[in-house]
Amino acid sequence: MDAEVNPAVVTGREFDIEFKLLIDAIFHMYHYDFRGYAQASLRRRLKTAMSRFDCRTLSQLQDKVVHDSSMFAALLDFLTIQVSEMFRDPAYFLALRERVVPLLRTYPSLKVWVAGCSAGEEAYSLAILLHEEGLLSKTIIYATDINTHTLQKAAAGVYGVGRIAGFTANHHQSGARSSLSDYYSAAYDRAVFNKSLKDHIVFSDHSLATDSVFAEVQLVSCRNVLIYFNRTLRDRALGLFREALCRRGFLGIGAKESLRFSAQADAFLDFAPAERIFQRRPEL
Amino acid sequence: MNLAGRIDAVVIGASAGGIEALTVLLPALSPGLRPPVFIVLHLPRDRPSVLVDIFARKCAVPVREAEDKEMVAPGTVYFAPNDYHLLVDPGPQLALSADDPVHHSRPSVDVLFESAADIYRDRLLGIILTGANEDGASGLAAVHDAGGVTMVQRPDTALAPHMALSALKLRPADCVLTLNEIAGMLQTLDASPTPMRMS
């Protein structure tokens, strides 16, 4: 049974203190660093987790998490899992296709980094787009996330068929040159995406909070991830993207994200501002 | 009830009929208002929001779409963007999230109200207007439980009464009022600048 969480109990000063203690405990115990996450969303997710794990206080949750690593794995799903869609915000993919792809064609080989890939929807979307544009064969997509459980799901590339209609509509609006059904096989209530896509995607464990750059890439796609970070951590992540991108490489962020108020804003030029695509300044 | 000296921020939640209701309320905000006003209004997804265009022309105070990581400015009306939750972070600073819909809604009234209650505690005014679902009820309860002031549009005057009725079922509201009465109350909010509260 879910515990009835009384907002009066969880919004007080005690919650603030227990919140900091839990985040510190997770960092020291498991080396996952949530200290730079935007607080309001994280607090909300923790409240949901308290209810789910039958904890009346964050201290109770902390007790379970510190003494049971499987509890931590379960909590991590609450703190990180992001349900996305394939070709979410089709205008973004249309702009990639029409404006970025012509420049990507000029490189002999391509590396793309999907940072914060969650269950893989974005990585598969980009793989399909690049396949349609004839570029996938010379491309490696690095799809990274901090949650290894989610990465396993992403690598499997299996989605409920109930979601396929939405994916297909988005794909169509992205200027599709093929049918989405070319890229998966449906079995019972699931759609399994093709190995030919997976062969070009490397799923791996990487933290924007604690790890460094691992490759030079021509495109970074990191959408609806930076909204979960505070300004300091957002700037760290943007610094990594700047370092990873080749000169004139591209950065795509979420429809409601911006580089405003960022110390890294000067490193990037507007490229397709309405679709939130930026280009690394060549002179840096 | 007089709100002078009592309120540092206002949150408003509405759904069906919300544009008409806000057309009564927002023009009542006086120029030079001090508390910021955060609004979640449910709209059909995948449609560019025209709320800012609609209300900027009718209002004496600045009206903006909330941007992630923007510092909260006094006396400004912030609408949650379509398809994102709006929250308030310490600072106070605006925050957006793409977390799952709550009560089938993104943005969700509950998400905004609960996060604002965390920040503003007993200095928050929460207002639930017309709407056909129950989003906002537990959010307004959070405002109440943090010691804030709660107002609900009189259900018999709401285009869709369900949102107001759900809120009233969970907690009694400090005031249950018509839109014109709520508009009158908003005129008692502090003007800026005003001496800061001693803490």
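Start with chain A and colour it by domain: domain 1 covers 7-80, and domain 2 is made of 90-157 + 194-280. The model is predicted, so every stop below describes computed coordinates.

**Between the two domains of chain A**

Place a marker at the C-alpha centre of domain 1 of chain A and another at that of domain 2 of chain A; the two centres lie 29 Å apart. Next, show the residues where these domains touch. Domain 1 of chain A supplies 10 residues to the contact, and domain 2 of chain A supplies 12 residues. On the domain 1 side, select helix H5 (residues 69-80) of chain A, which gives the most to that side, with 4 residues. Colour the domain 1 side by residue class and you should find 5 nonpolar, 3 polar and 2 charged residues.

**Between chain A and chain B**

Now bring chain B into view. The contact between the chains takes 19 residues from chain A and 25 residues from chain B. On the chain A side, select helix H1 (7-10) and helix H3 (39-52) of chain A; these are the elements that give two or more residues to the side touching chain B. H3(A) has the largest share of that side, 5 residues. By class, the chain A side divides into 8 nonpolar, 6 polar and 5 charged residues.

**Chain B as a whole**

Hide chain A and look at chain B as a cartoon, where 6 helices and 9 strands can be traced. The C-alpha trace of chain B spans about 40 × 35 × 30 Å along its principal axes. Chain B has a radius of gyration of 15 Å, which agrees with a compact globule, because 199 residues packed that way would give a value near 16 Å. Buried residues make up 53% of the 199 residues in chain B. Of the contacts in chain B with a separation of 6 or more, 73% are between residues 24 or more positions apart.

**The largest nonpolar core**

Which residues touch the most other members of the largest nonpolar core? Select Leu112(B) and Ala116(B), which hold that place among its 144 residues. Then extend the selection to helix H3 (residues 109-120) of chain B, which gives this core its largest share, 8 residues. Show chain A again: the core also draws at least three residues from each of domain 1 (7-80) and domain 2 (90-157 + 194-280) of chain A.

For the last stop, centre the view on Leu112(B). Leaving out residues up to four places away in sequence, Leu112(B) touches Val11(B), Gly13(B), Phe38(B), Val40(B), Ala80(B), Leu86(B), Leu87(B), Pro107(B) and Gly139(B).

Notes:
Residues numbered from 1 in each chain as written. Chains lettered and ligands numbered in written order. Predicted model: local features only at pLDDT ≥ 70, side-chain atom pairs only at ≥ 80, totals over all residues. Domains from an automatic or database assignment. Contact = placed C-beta atoms within 7 Å. Nonpolar A, V, L, I, M, F, W, Y, C, P; charged D, E, K, R; others polar. Core = buried A, V, L, I, M, F, W, Y, C linked by C-beta atoms within 7 Å. Buried ≥ 20, exposed ≤ 12 C-beta atoms within 10 Å, placed from the backbone. Rg over C-alpha atoms; globule rule 2.2 N^0.38 Å.
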